[in-house]
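Me: I'm new to this one. Could you walk me through how to read it, a feature at a time?

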Amino acid sequence: MTSKPVLLDRVRPAPEQPLVRSGVDRASIGALVRKFYSKVRKDERLGPIFAREIVGDWEPHLKKMTDFWCSVILKSGDYHGRPVPAHLKLQDVVEADFDIWLALFRETAAELFASETAAVFVERAERIATSLKLAMFFRLGPAAVAVRE
């Protein structure tokens with residue numbers, strides 16, 4: 001008989017590994033974050049949303065997002081925030097805003113990194129966007145809740 005932990009190991013995905021590529025370090029990730037958020041701030045739809053949330057000095061947010069992306073890409077462990085609660089409080093964000101966010105992110109990653117490296121950033125950004133969209137917009141209806149009970 002197979003024990004439960006062994007079965008879980010078979011279905012659990014392997015943990016992501018740090019992206020080890022020339023030119024991918026905290027400085028290049030910080031450049032991505034700064035260039036990306038510069039575009040976000042100028043965007044007709046996203047700019048006002050961010051302006052309402054980040055008033056005044058953007059530096060703390062840029063540092064936090066650099067820590068976040070270093071944790072995502074380099075597995076640095078620098079980020080200690082909670083992205084879902086931070087996004088749940090945004091009442092005026094709609095699901096389509098993530099498409100704009102991803103388009104700007106794809107564009108920025110492609111401008112700064114080789115295509116294979118940019119693809120890793122984009123793939124991880126897409127998974128993050130999917131997770132946030134599920135947390136923000138997916139709600140079980142009464143029929144689904146009844147089935148679970």
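Reply: Sure, we'll go from the overall fold to the core, and then to some charged residues. Keep in mind that this is a predicted model.

Me: Let's begin with the fold. How many helices and strands does the protein have?

Reply: A good habit is to list the elements in order. Here there are 8 helices and 0 strands, so along the sequence you read α-α-α-α-α-α-α-α.

Me: And which residues account for most of the contacts, those far apart in sequence or those close together?

Reply: For that, look at how far apart the partners are along the chain. Among contacts with a separation of 6 or more, 78% are between residues 24 or more positions apart.

Me: What share of the residues is buried?

Reply: Buried residues make up 36% of the 149 in the protein. As for the outside, the protein exposes about 9600 Å², and carbon and sulfur atoms supply 59% of that.

Me: Now the inside. Which residues touch the most other members of the largest nonpolar core?

Reply: You follow the buried nonpolar side chains that touch one another. The largest core has 39 residues, and those touching the most other members are I29, Y37, W69, I73, W101, F105 and F121. The elements giving two or more residues to this core are α2, α3, α4, α6 and α7. α7 gives the most, with 9 residues.

Me: Could you zoom in on one of those core residues?

Reply: Take F121. Leaving out residues up to four places away in sequence, F121 touches L19, V24, I29, L32, W69, I73, F105, A109 and F113.

Me: Then tell me about α7. How does the distance between its end C-alpha atoms fit its 23 residues?

Reply: A helix has an expected span that you can check against the model. At 1.5 Å a residue, α7 should span 33 Å, and its end C-alpha atoms are 31 Å apart, which agrees.

Me: What do the buried residues of α7 pack against?

Reply: They pack against α2, α4, α5 and α6. The buried residues of α7 include V120, F121, R124, I128, L132 and M136.

Me: On to charges. How many salt bridges are there?

Reply: The count comes to 12. One of them is between the side chains of E111 and K39, at 2.9 Å from N to O. That pair links distant parts of the chain, with E111 in helix α6 and K39 in helix α2, 72 residues apart. E111 is partly exposed because its relative accessible area is 42%, whereas K39 is buried, at 15%.

Me: Where are R45 and D97, the partners of another pair?

Reply: R45 is in the loop between α2 and α3, and D97 is in helix α6, 52 residues apart. Their side chains meet in a salt bridge of 2.7 Å, N to O. With 32% relative accessibility, R45 counts as partly exposed, while D97, at 4%, counts as buried.

Me: What about a salt bridge inside one helix? Why are E123 and R127 separated by about one helical turn?

Reply: In general, an α-helix has 3.6 residues a turn, so residues three or four places apart point the same way. E123 and R127 are 4 residues apart in helix α7, so about one turn separates them. Their side chains meet in a salt bridge of 2.5 Å, N to O. At 34% relative accessibility E123 counts as partly exposed, and R127 counts as partly exposed at 40%. Elsewhere, salt bridges that share partners join R26, K63, D67 and D78 into one network.

Me: Which side chain of opposite charge is nearest to D43?

Reply: That's R45, 6.9 Å away. A salt bridge needs the charged atoms within 4 Å, and D43 is buried yet has no salt bridge. D43 is placed in the loop between α2 and α3. Beyond its neighbours within four places in sequence, D43 is in contact with P48, I100 and L104.

Me: One last loop residue, please. What does V94 touch?

Reply: Setting aside residues up to four places away in sequence, V94 touches R45 and F137. V94 lies in the loop between α5 and α6, and counts as partly exposed at 41% relative accessibility. V94 and M136 are 42 residues apart in sequence, while their C-alpha atoms are 8.9 Å apart in space.

Terms used: Residues numbered from 1 in each chain as written. Predicted model: local features only at pLDDT ≥ 70, side-chain atom pairs only at ≥ 80, totals over all residues. Heavy atoms only, no water. Buried < 20%, exposed > 50% of the residue type's maximum accessible area, 1.4 Å probe, protein only. Lys, Arg positive; Asp, Glu negative; His and termini not counted. Contact = heavy atoms within 4.5 Å. Core = buried A, V, L, I, M, F, W, Y, C linked by side-chain atoms within 4.5 Å. Areas by Shrake-Rupley, 256 points an atom, 1.4 Å probe, with all protein chains shown as cover. Expected span 1.5 Å × (residues − 1).
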